[in-house]
Amino acid sequence: MTTLLKDVRFGLRALRRAPAFTLTAVLALGLGTGAATAIFSVLDGVVLRPLPYPGADRLVMLWATNHEKGLEHEPLSPVNFVDDRGLTHVFADAAAWWRPELTLTQPGLEPLRLSAVEASRNLFDVVGVRPEIGPGFPWEGPLHQRGVMEVVISHRLWQSRFGGDRTLVGGTIPLNGRLYTVVGIMPKGFTFPGDTDVWQRLQWDLAQHSRGAHFMEAVARLAPGATPARADAELGALAARLGAEFAATNKGRSARVTPLIDEVVGYFRPALFVLMAAVGLLLVIACVNVANLLLARATARAREVAVRAAIGASRGRLVGQLLAESLLLATGGALLGLLVAWAGVRLLVAASPLHIPRLDQVAIDGRVLLFTTGLVAFTTLVFGLAPALLESRADLQQTLKEGGRGAGAGTGARRMRQTLVVGEVALSVALLVAAGLITRSVARLVREDPGLRPANILTASLNLPAAGYPDWTEVARFYEGLTDELRRQPGVENATTSNFLPLQTGWRIPFLIVGTPPVDRSDLPQTQYQTVGTHYFASGTAGARSTRRAPAPWSRPSRSEAGDPRRRRRAGAGGGARRVLPARPTRRAAGSARGAAPGVRNPVGAG
């Protein structure tokens with residue numbers, strides 16, 4: 001320990017004598033270490049950390065599939081979910097939910113649209129997290145309870161809207177014009193599934209629904225000893241039996257599981273690992289730069305090293321002293337890197353254009369500090385060991401005879417420096433090429449024609465309470481009046497409505513071309529279905545390849561048809577219409593769209 005302290009003090013004196021070199025090396029290492037630490041913080045917080053649920057590695061999501069139709073990630077039918085949950089030898093338990101639209105309306109406050117799910121009573125038990133305050137949903141009993149208006153709310157909604165009032169539990173809150181009893185408040189940070197603020201108790205029996213209606217999501221906890229592969233096999237066997245028994249709704253359908261961690265962050269995992277690899281290369285380039293600086297400095301220090309060797313310093317002692325200098329540089333770079341990483345993490349969290357799961361939980365913590373400590377050891381060895389060995393191997397007599405002139409530029413040092421320069425250039429070119437390719441790809445995506453003209457178009461999403469608008473005729477009348485009023489406003493060129501915004505996924509329904517031979521229902525093609533109001537295709541939301549705002553060529557609903565739920569025309573678009581209607585579209589398509597229309601709720605205005 002005494003020897004190490006002496007080496008550190010000697011290294012500090014040596015670095016103080018060369019401030020320009022020290023500052024350059026610390027800056028290079030600081031930027032490299034900071035970038036690597038910042039990206040590792042994001043990678044660790046988003047991908048590497050396990051989910052904050054007990055036994056999170058045993059949690060899986062259930063999805064419906066139809067390989068023949070290319071559907072690999074579909075919601076479940078409620079009735080099929082009940083059958084899937086019955087596989088108790090692979091699932092300890094399973095819970096399901098769907099996503100209603102709820103609006104919180106309180107006197108004197110602005111209405112608040114909430115992210116909500118209507119879930120089976122066992123959802124929190126399956127995940128392994130119970131409410132922090134209040135009893136929550138019952139531990140036992142049926143998955144649903146008709147007529148029981150109960151909700152559990154998130155900690156952030158409790159704080160932001162109700163001021164953390166603990167007496168709220170047992171009280172009521174108005175949602176969609178109805179009073180719901182608050183039976184629990186979840187722990188801080190819990191928003192599963194997705195970004196949920198309200199969990200509503202399931203109101204209807206899952207088993208008394210249609211097998212053909214796919215709108216439920218589900219999570220399951222694997223039974224002891226079960227694996228995702230075994231669960232997939234059991235679900236496949238069950239689906240085959242259901243397909244034979246209920247061919248009209250289940251033919252060709254199956255189900256699969258995905259680990260919950262993959263479902264939450266799987267989309268972002270490859271991009272973050274690639275980004276981590278890129279900043280890793282950046283750190284290596286910084287280390288190579290500092291190694292070159294050390295080799296260049298060896299020329300000036302050759303006589304000093306030779307003199308110390310001549311008065312009895314062993315080679316190991318010399319290497320230790322030189323490595324102590326490298327360790328000091330790496331430590332200084334790491335401290336600067338932590339500051340860079342702290343600022344970088346805050347910038348990444350604040351400026352992220354995407355909703356990345358768990359990004360708000362990213363922080364510089366003990367795991368990150370351990371990673372940075374590992375970087376210090378790595379960088380010390382990478383840029384410090386080779387120059388130290390070369391300096392300690394210099395020819396003592398030749399160096400003293402020449403007085404240090406050119407001693408550091410021996411054959412070994414020259415080869416080392418040349419190798420480092422070649423490697424540095426190669427890594428830099430690789431990074432530049434990759435950055436150029438990514439930039440070109442992003443530029444192409446930006447220039448890609450999305451099939452609409454989004455400039456000067458504003459959107460808003462509305463949710464009408466069922467109590468005030470009990471039937472579709474009143475809903476349609478409201479939206480027709482709303483869009484008429486919007487079109488009369490100064491600066492508004494047009495306004496329309498749709499139950500889905502452009503590029504959003506609509507309802508998927510089977511359809512049949514009228515006049516073609518009948519086929520089995522399970523073999524019918526499917527299409528995305530959206531309900532739109534008048535002026536939809538003329539408002540700039542479609543027809544982007546046209547130089548003017550022309551209506552769709554295949555369908556033009558009249559004003560009276562748009563307001564009448566019983567009279568609707570369909571507009572076919574793009575390749576899907578051409579595949580099923582290859583010639584001029586003189587045929588009609590008939591489809592069943594129960595529950596898909598005419599719930600228009602997204603006004604789209606062009607100004």
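Start by selecting strand β6, residues 150-153: Glu150 and Val152 point one way, Val151 and Ile153 point the other way, and all are buried. Buried here means under 20% relative accessible area, while exposed means over 50% and partly exposed is in between (1.4 Å probe, protein chains only). Strands are DSSP runs of E with at least two residues, helices are runs of H or I with at least four, and both are numbered from the N terminus.

A quick word on what you have open: this is a predicted model, where local features need pLDDT of at least 70 and side-chain atom pairs count only at pLDDT 80 or more, while totals for chains, interfaces and linings use all residues. Residues are numbered from 1 along each chain as its sequence is written, and side-chain values use heavy atoms, with hydrogens and water left out.

**Next stop: the neighbours of β6**

Keep β6 on screen and add strand β8, residues 178-185. These two pair in the parallel sense, over 4 bridges; strands pair if DSSP finds at least two bridges between them. Click on isoleucine 153 and look across to its bridge partner in β8, isoleucine 185. Now add strand β9, residues 198-201, which runs antiparallel to β6 and is joined to it by 3 bridges. Here, valine 151 stands opposite glutamine 200.

**Two loops beside β8**

Go to the loop between β8 and β9 and pick proline 193. The peptide bond joining phenylalanine 192 to proline 193 is cis, with omega about 0°. For background, most peptide bonds are trans, and most residues other than glycine have a negative phi.

Then move to the loop between β7 (172-175) and β8, where you'll find asparagine 176. Its phi is near 55°, a positive value in a residue other than glycine. What does asparagine 176 touch, not counting residues up to four places away in sequence? Select Glu101, Leu102, Thr103, Asn463 and Pro465 to see them; contact means heavy atoms within 4.5 Å. Zoom in on threonine 103: its backbone nitrogen lies 2.9 Å from a polar atom of the asparagine 176 side chain.

**Over to the helices**

Select α2 (19-48), α9 (269-310), α10 (315-351) and α11 (366-392), the elements that give two or more residues to the largest nonpolar core. That core has 40 residues, and Val46, Leu272, Met276, Leu329 and Phe383 have the most contacts inside it. A nonpolar core is a set of buried Ala, Val, Leu, Ile, Met, Phe, Trp, Tyr and Cys residues joined through side-chain atoms within 4.5 Å. Which element gives the most? It's α2, with 12 residues.

Now centre on leucine 329. Leaving aside neighbours within four places in sequence, leucine 329 is in contact with Leu15, Phe21, Thr22, Ala25, Val26, Leu29, Leu294 and Phe383. Apart from this core lies another, of 26 residues, including Phe91, Ala220, Leu222 and Ala223.

Before leaving the helices, pick arginine 358 in the loop between α10 and α11. Arginine 358 has a positive phi of about 65° although it is not a glycine. Is arginine 358 buried or exposed? It is buried, because its relative accessible area is 10%.

**Zoom out**

Finally, show the whole protein chain: 16 helices and 17 strands. Buried residues make up 42% of its 607 residues.

Methods. A polar contact is a pair of N or O atoms within 3.5 Å; within protein, one must be able to donate a hydrogen and the other to accept it, and residues adjacent in sequence count only if both atoms are side-chain atoms.
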